Amino acid sequence: KTDDGGKTATCAVTVNAKVYPVESVSLDKSSVELTEGETATLTAAVTPDNATDKTVFWSSSLESVATVTDGVITAVSAGEAAITVTTNDGGKTATCKVTVKASLPPGVLPGEFSVSDTKKVHFSQGNLWYDGFEFMFEENQYDFANQWKSNHISHFNWTPYIESAVLQNFFGYGSISDIFFTNADETTASESFIVNVGGKEQKGWRTLSKDEWKYLFDVRKVKGNRGIGYSYSINITYGDKKGLVLYPDDYSGSALAPDTQYTVETFPEDCLFLPAAGYRDYNIEAIGAYGLYQSSSASTSLEAYCVKFLGDTVKPDDYTGFRSFGYCVRLVTEAK
C-alpha cells in the first residue's frame, strides 16, 4: 500500500504444512503360536512420534493358515504364515511369523514327542483301561487299578499273534482273559482300534514299537541334550503315585524334582507321566516299584518287548516280558 494515494497491490501466500516422513514401523511380537480357532493381537508402532501419516495396512502371506484384520490374527488351519504390516508413507514393513497347530481331539495331551527322525506323536490323557465292554482312557495320567477287577482292567496281556490286526482274547491265567491291541509294523490296524473318550469314539490310536520307545527316551534331544534329566526324569510323584516323566520336544520349563508332590494344578500339562503301576500275574504286584509298558514289538512267540523302569534304572527297548503277564498300555496318535 502506497503512502501517497493509498494505492494497493495484493500477493496470495500459500503455506504448506511441513511433512514429517515415517522412519520405521515395528511389531510388539516377532512370532506367535496359536491353535486352530484361537486369536492374537499385534500392535504396530510407527516412528517418529510426529510422523505425518501413521496409516498402516495388514496382510497375511497365507490366509488359509491365518487371517488378520486391524492387527487381530485369527488361526484358521495348521501351518505357517507371515503377517506383515506396511506403512502408507514410505512403504516401511515389519513381519510376524505365525505358527498354527491343529486343534486336538478329546483325550490327547498337547505335548509333541519325537519317536523317530521324521515322526512325532501325542500321547493319550491316561493309561488304557477296559470295563468289559469298551476301551477308555483313565481320567488322570496317574490313575490305574491297584487290584484285579474284571470291570476295570488296566494291565493288559499281549495278543498271541504278531500278525493280528484285530482285537483278540489272550489265554491269560485261569479265568482271567484280557484284551490288548497291537499294530505290528505300524499297519493301518490302528484305525480299527477304538477307545471312548467323553462318550465319543476315538480312532487312530496305536502302541509304540520298541525302537520308538528307545528313540523317545535316549535319542531325541530336549533342551539341546538327551537322556535322563533332559528328555525324562525318574522317581517323580504325581497325584500321590510314583512314576516317570517324559518332557515334550519343545519343553522349556525346569526339570521336575523327585522330592516334590505334584498335583493336577502344578504338573506341566504338556508333559507325559507314566505311573509305576506294577504288573499283573494273578493279582497286581509291585505297585510303586515297577513301571512296565507294552510295545508293539514281539520278541518270541511267548514274549514281547516292553519299557521297564525301576528306581534309577530305565530300560526302554531291551527288556522282554511274558505275553501272559499284564502290563500297562499307553497309546499314541500321530501329531499333525
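Visitor: Let's start at D28. What is its relative accessible area?
Guide: D28 has a relative accessible area of 44%, so it counts as partly exposed. (Buried means under 20%, exposed over 50% and partly exposed in between, with a 1.4 Å probe and protein chains only.)

Visitor: What kind of model am I looking at?
Guide: A predicted one: local features need pLDDT of at least 70 and side-chain atom pairs 80 or more, while totals for chains, interfaces and linings use all residues. Residues are numbered from 1 along each chain as its sequence is written, and side-chain values use heavy atoms, without hydrogens or water.

Visitor: Cool. Back to D28, then. Which residue does D28 form a salt bridge with?
Guide: With K29. The closest N and O atoms of K29 and D28 are 3.3 Å apart. (A salt bridge has a side-chain nitrogen of Lys or Arg within 4 Å of a carboxyl oxygen of Asp or Glu.)

Visitor: And why does K29 count as partly exposed?
Guide: Because the relative accessible area of K29 is 33%.

Visitor: Why would side chains like that pair up at all?
Guide: Side chains of opposite charge can pair when their charged atoms come close.

Visitor: How many salt bridges does the structure hold?
Guide: Nine. One of them joins the side chains of K101 and D250, at 3.9 Å from N to O.

Visitor: Where do K101 and D250 sit along the chain?
Guide: In distant parts of it, 149 residues apart. K101 belongs to strand β9, residues 93–101. D250 is in the loop between β17 (241–246) and β18 (261–262). (Helices, H or I over at least four residues, and strands, E over at least two, are DSSP runs numbered from the N terminus.)

Visitor: What are the relative accessibilities of that pair?
Guide: K101 comes out at 32%, so it is partly exposed. D250 has a relative accessible area of 48%, so it is partly exposed.

Visitor: Give me another bridge. Which residue pairs with K210?
Guide: D211 does, and the closest N and O atoms of this salt bridge are 3.3 Å apart. K210 is partly exposed because its relative accessible area is 21%.

Visitor: Which residues are linked in a network of salt bridges?
Guide: K120, R220 and D249 are linked that way.

Visitor: New topic: rings. How many aromatic pairs are there?
Guide: The structure holds 17 of them. (Rings of Phe, Tyr and Trp, the last by its six-membered ring, pair if their centres lie within 6.5 Å; planes under 30 degrees apart are stacked, over 60 edge-to-face and the rest tilted.) Among them is the pair of F123 and W213, which counts as tilted because the planes stand at 40 degrees, with ring centres 6.2 Å apart.

Visitor: Where in the chain are those two?
Guide: They link distant parts, being 90 residues apart. You'll find F123 in strand β11 (residues 120–123) and W213 in helix α1 (residues 210–219).

Visitor: Are F123 and W213 buried or exposed?
Guide: F123 has 0% relative accessibility, so it counts as buried. W213 is buried too, because its relative accessibility is 0%.

Visitor: What about F267 and F273, what sort of pair do they form?
Guide: An edge-to-face one, with 6.1 Å centre to centre and 80 degrees between the planes. F267 has a relative accessible area of 6%, so it is buried. F273 is at 0% relative accessibility, so F273 counts as buried.

Visitor: Last one: which residues do ring pairs link into a cluster?
Guide: F113, F123, W213, F217 and Y232. So you can look for F123 and W213 again, this time as members of that cluster.
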